[in-house]
Amino acid sequence: MESCNCIEPQWPADELLMKYQYISDFFIALAYFSIPLELIYFVKKSAVFPYRWVLVQFGAFIVLCGATHLINLWTFSMHSRTVAVVMTTAKILTAVVSCATALMLVHIIPDLLSVKTRELFLKNKAAELDREMGLIRTQEETGRHVRMLTHEIRSTLDRHTILKTTLVELGRTLALEECALWMPARSGLELQLSYTLRHQNPVGFSVPIQLSVINQVFSSNRAMKISPNSPVARIRPLAGKYMPGEVVAVRVPLLNLSNFQNDWQEQSAQYALMVLMLPSDSARQWHVHELELVEVVADQVAVALSHAAILEESMRARDQLMEQNVALDLARREAETAIRARNDFLAVMNHEMRTPMHAIIALSSLIQETELTPEQRLMVETVLKSSNLLATLINDVLDLSRLEDGSLELDIGTFNLHGMFKEVIDLIKPIASVKKLLISLNMAADLPEYAVGDERRLMQTILNVAGNALKFSKDGSISITASIAKSDSLRDARAPDFFPVYGADHFYLRVQVKDTGLGINPQDIPYLFNKFAQTQPLSSKNANGTGLGLAICKRFVSLMKGHIWIESEGLGKGCTAIFIVKLGIANQLTDTEQQFIPKLHGNHAPATFQGLKVLVIDGHGVSRMVTKGLLVHLGCDVTVVSSGIDCLRTVTHEHKVVLMDVSMPGVEGYEVAVQLHERFSTRHERPLLVALTGSTDRVTKENCLRVGMDGVILKPVSVEKMRIALAELLEHGVFSEAKW
């Protein structure tokens, strides 16, 4: 058989099959192109799929496969070389991508097989998360219990209630079988069982504080598990056989008030011991959050106990303060009562003593005006001196009483400062001339003529100091120097409490009284300003004195915001008294204003007042007779009555002066003055109304001026004093007692 190399003839193309293949390739290409679109949608919507790059490879593979099927549509008929090249390229790319995808699946398949393991891992993670959430819930529950316990503990400040509430709430919250609190004894050497939850043990059982288990608990701020057989854990009777529950102990700091008042490190810390027991015969154990709850509650109990201790201490201090206040109030009332009684006594004694003093001085001055033998004149002068000394003593006692109780106030006004010093010299010159002492007055050139202050108190201070110089000087001289204190001389180490304040509306007056008398021992100088102090040597004991003058001067000077001191080199070397007082600067006065400044009473009053009609009203018979005698001696035509009603019946237009006692029985002198003002419409028709009183109370003078009286004369009254008063009244229409 001959061999034949020939090609098998091709099958004729079946038009129907070709048509089916054509349609199939078209739908295959359509499906291949739609699948990547679905994968793209899946990748876009999925946020957890871990193999996105594999899906991209699958998409490329499918697209290329679809492209080959789409290109096949042109191969069923005659086609060009270009179509063949494109078809070949597409198939090569499809082969590359498909191989790469197949190789990748080799690495992906183990990961896909481990999905089950990861699922288990995620389950474990979820379980752990559940445990953590449970712990958080437990902590929240613990926090809620802590807040509840804190609220219950803080709801009271009673120590016993705090401790009992703590045990009850802890037992309820932690389901404890027993809970107890051991408190330190007063000795500090043992702990006493003070509070229990079930009340199964008698309170008062004690254990030594030096036990090792107690030291361990006290040395830590954490809750510690202790042996159920420990002495502090035996807080229930040992009846029957049972397995004791776990026991925890924690210290409770006891903060006392002293811990807040002093350094904490210097305090020996004291602790109470809280013991908590879980139920017996149970497998329950203490959890960490329960121990933390116990520690937090122990701290809260410590804070609550500290607050309670502070409250108890505050209440105790308040009670003591209230008791002290009650005692002080009682003492104050007793002191006020004593002061009122003293003042009332002094006021009564002042009035009652001045009335007979008025008679003694007035009658003695009348006798002195008559013809007397030298021996009689000496006796009368002695009576007058003794009476004046007694009157001065009365004034000093009253002034000192007012100064001590604070009722004395300065009478501030404008006065002639130069004239006041001249009057002081005029008053002490007669005594100095008798003792043959040389008196000199030196006033600085810049010393203002007028000043603002209390003229009477300033003059009284100068007279007291100058009087002491006269009293204790037998010969030599006394000099009074007045000047403005310079700023560099105001501060004095002897007066640490004296703080001068400089200003344009005031100045400080410096007065120095220097004598060549007996002198003072320097050791005695600090005591000179004490009441009733007399530190002069025996040779001067004949110089009468009460020891009140300098004490009063010191208080007057203090009232005038100054200070006073005395200098002396020793006995027999003289003495110098210096004081500084604050005075206001008077404005420039016109002639009209100067006439309203109180004039100093000179010795230029007329000898008699012939024909002057005077009406005297006094309820005291002796005083009425003495006053009439003084006025008659001065030439007055005197009418006397004993009551205000008689005065209103007797007074006429002819009476020029009415002298009345303001404390008469029946209608008082104030009411008489008011009715006389109503009866006489004009000043020229009305007589001059003058109060004659033994009361030195400031209110008395103010009341007299309030009802329209023209002057006030203070008993006792001598002939000279009455003469000056009448002269002032007739000349100026007003008279004010200088020594009020």
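**Questions about a predicted model**

Me: Happy to start with one residue in this predicted model: is Pro-279 buried, partly exposed or exposed?
Reply: Buried would need under 20% relative accessible area, and exposed over 50%. Pro-279 has 25% relative accessibility, so Pro-279 counts as partly exposed.

Me: Where is Pro-279 found, and which residues does it touch beyond those up to four places away in sequence?
Reply: Pro-279 sits in the loop between β6 (271–277) and α8 (288–368). Its C-alpha atom is 9.6 Å from that of Val-247, 32 residues apart along the chain. Leaving aside residues up to four places away in sequence, Pro-279 touches Ala-175, Glu-177, Gly-245 and Arg-284.

Me: Nice, β6 came up there. What is the strand order of the open sheet of six strands, and which are its edge strands?
Reply: The order in this open sheet is β3-β2-β1-β6-β5-β4, with antiparallel pairing. An edge strand pairs on one side only, and that picks out β3 (206–208) and β4 (224–226).

Me: By how many degrees are neighbouring strands of this sheet turned against each other on average?
Reply: The sheet in question has six strands with antiparallel pairing. With direction ignored, the average turn between its neighbouring strands is 30°.

Me: Let's zoom in on β3: which residue there is the bridge partner of Gln-192?
Reply: Strand β2 (residues 190–196) pairs with β3 in the antiparallel sense, over three bridges. The β3 bridge partner of Gln-192 is Ser-206.

Me: Over to β16 (residues 657–660): are its faces covered, and by which buried residues is this shown?
Reply: Strand β16 is covered on both faces. One side carries the buried residues Val-657 and Leu-659, while the other carries the buried Val-658 and Met-660.

Me: Which residue stands opposite Leu-659, and what is the bridge partner of Met-660 in β17?
Reply: Strand β14 (residues 613–617) runs parallel to β16 and is joined to it by four bridges; there, Val-616 stands opposite Leu-659. β16 also pairs with strand β17 (residues 688–693) in the parallel sense over four bridges. In β17, the partner of Met-660 is Ala-691.

Me: One last helix, α19 (residues 719–732): how far does it reach from its first C-alpha to its last, and which residue just after it takes a positive phi?
Reply: α19 has 14 residues, and at 1.5 Å a residue the expected span is 20 Å. The model's reach, 20 Å, is close to that. Among the buried residues of α19 are Val-719, Met-722, Ile-724 and Leu-726. Just after the helix, a positive phi of about 75° is taken by Gly-733.

Conventions: Residues numbered from 1 in each chain as written. Predicted model: local features only at pLDDT ≥ 70, side-chain atom pairs only at ≥ 80, totals over all residues. Heavy atoms only, no water. Buried < 20%, exposed > 50% of the residue type's maximum accessible area, 1.4 Å probe, protein only. Helix = DSSP H or I, 4+ residues; strand = E, 2+ residues; numbered from the N terminus. Pairing = 2+ DSSP bridges. Contact = heavy atoms within 4.5 Å. Axes fitted to C-alpha atoms, helices over the stretch in contact; angles between N-to-C directions. Expected span 1.5 Å × (residues − 1).
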